[in-house]
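Work through the exercises below with the sequence and the model at hand, and try each task before reading its solution.

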Amino acid sequence: MVMVMRPISYCLTLSQTPPPPPRPRASNHLSTQKQFKRNSRNYCITRPQILPSSSSSSSSSSRDALGFRVFVLSDLHTDYPENMNWVKSLSTKAYKNDLLLLAGDVAETYRNFYLTMSLLKDRFEHVVYVPGNHDLWCRSVPAGHPYYLDSLEKLNQLLDACRGLGVQTRPMVLFGLGIAPLFSWYHESFDREMDIASIRIPSLEMVCKDFHACKWPRELSNRDTSLALYFDAMNKENEDAIKLMKNTCTQIITFSHFLPRIHHLSHLFLKPRQELCPEKRMLFYPNLPKIVGSDFLEVRIRSIHGSKGNASACHVFGHTHFCWDSVLDGIRYIQAPLAYPRERKRRMNGGETWLPFCVYSGGKFADRLSPCYWSDYYAAHARAPHVTELAPWVARFYKRA
């Protein structure tokens with residue numbers, strides 16, 4: 001039996017995300033949506049305050065007691081006025097001695113990108129950035145904006161803007177902590193989990209705007225590994241700096257926009273798995289894993305943190321808009337997205353008051369970020385990618401042919 005998609009009232013895009021996973025009952029079956037919504041509201045209320053929020057009025061001495069801090073944030077999307085206003089609302093005093101890791105998708109237009117970076121650099125002592133896919137869209141060039149032939153030329157202009165503003169895009173060491181930004185792009189072959197065959201899924205070109213909004217030279221394509229290899233090669237310029245960092249730093253944070261794959265290198269008999277994205281049956285767009293990650297990125301991360309990782313290894317990522325915090329094969333993986341205004345209104349990640357997330361303070365990593373609906377779910381329940389029965393909140397958007 002084939003299922004086809006019902007018309008949906010909103011445009012299906014890459015970043016659309018399902019409700020947080022329900023709490024399974026004792027029978028290990030999914031709870032009803034009604035009960036789940038009640039649980040998710042409770043989740044939003046009980047997020048612990050790990051560090052003083054940016055709006056709290058603390059004295060300079062108490063801020064000094066915290067020491068050097070590192071905050072993480074991704075997917076700002078400040079082309080939305082609500083998101084730009086959120087950036088403008090950040091304190092101009094609370095983060096003056098701190099560092100911000102910005103894991104891509106700042107803005108589509110050059111003007112909004114530049115303004116956002118200027119605002120963040122005015123608030124944080126250090127800002128380190130890696131590009132996301134939305135940053136490289138070339139759908140139109142408004143009057144007064146720089147002109148770019150393709151997404152690579154736009155990338156160079158964004159990196160030039162960062163250099164002019166004092167925003168870092170290369171590895172750096174501060175107070176003994178290594179920071180390693182990693183350039184990356186996704187490739188379709190990253191996805192090796194079983195497809196959902198019982199439904200007609202819109203093509204990647206229909207759903208992912210990158211296929212139309214990004215412009216690449218003829219030799220580069222979203223349909224193979226050429227783009228992922230091109231962006232990974234950009235990291236080779238920094239190999240000497242990272243080698244020195246590994247010899248001098250016991251704590252290192254790597255970060256990228258896209259997702260790595262967890263290779264389970266300590267268990268060679270196991271196949272690589274997509275541990276940082278929900279299973280396909282949980283997603284409104286089940287083919288999302290084909291446009292989120294890179295095998296080459298995981299190789300880079302393991303070359304820095306080691307095949308088994310360590311207690312001081314951390315990787316920050318973005319792109320999927322799922323709040324995430326989990327330790328896998330010795331590396332802590334974190335995503336702290338601002339995401340789209342409509343996603344925050346649904347309180348998918350507990351709202352916005354906890355952002356940016358402080359991952360490092362006073363010489364040590366912060367406590368675990370919680371709640372993170374999906375990573376919390378998979379911390380308690382094993383993945384079952386071989387199961388292709390759609391989750392209830394997905395199935396309701398489909399009808400039988």
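**Exercise 1: the nonpolar core**

Task: find which residues isoleucine 253 touches, not counting residues up to four places away in sequence.

Solution: in this predicted model, the residues that isoleucine 253 touches, leaving out those up to four places away in sequence, are Val70, Leu101, Leu177, Gly178, Ile179, Ala180, Cys314, Val316, Val359 and Phe365. Next, place this residue in its wider setting: the largest nonpolar core has 113 residues, and among these Ile253 and Val359 touch the most other members. The largest share of this core, 7 residues, is contributed by helix H5 (residues 151-165).

**Exercise 2: two helices**

Task: determine how helix H4 (residues 110-123) and H5 are oriented to each other.

Solution: begin with the axes, which come within 10 Å and cross at roughly 25°. Angles under 35 degrees count as roughly parallel, and H4 and H5 are therefore roughly parallel to each other. Then take the handedness, which for the crossing of H4 and H5 is right-handed. Finally, list the contact, to which H4 gives Tyr110, Phe113, Tyr114, Met117, Ser118 and Lys121, while H5 gives Gln157, Leu158, Ala161, Cys162 and Leu165; sorted by class, the contact has 8 nonpolar, 2 polar and 1 charged residues.

**Exercise 3: backbone geometry**

Task: state where aspartate 105 lies, and whether it is buried or exposed.

Solution: aspartate 105 sits in the loop between strand E3 (99-102) and H4, and has a positive phi of about 55° although it is not a glycine. Its relative accessible area is 2%; buried means under 20%, so aspartate 105 is buried.

Notes
Residues numbered from 1 in each chain as written. Predicted model: local features only at pLDDT ≥ 70, side-chain atom pairs only at ≥ 80, totals over all residues. Heavy atoms only, no water. Core = buried A, V, L, I, M, F, W, Y, C linked by side-chain atoms within 4.5 Å. Buried < 20%, exposed > 50% of the residue type's maximum accessible area, 1.4 Å probe, protein only. Helix = DSSP H or I, 4+ residues; strand = E, 2+ residues; numbered from the N terminus. Contact = heavy atoms within 4.5 Å. Axes fitted to C-alpha atoms, helices over the stretch in contact; angles between N-to-C directions. Parallel < 35°, antiparallel > 145°, perpendicular 65-115°, else oblique. Left-handed = near helix turned anticlockwise from the far one by under 90°.
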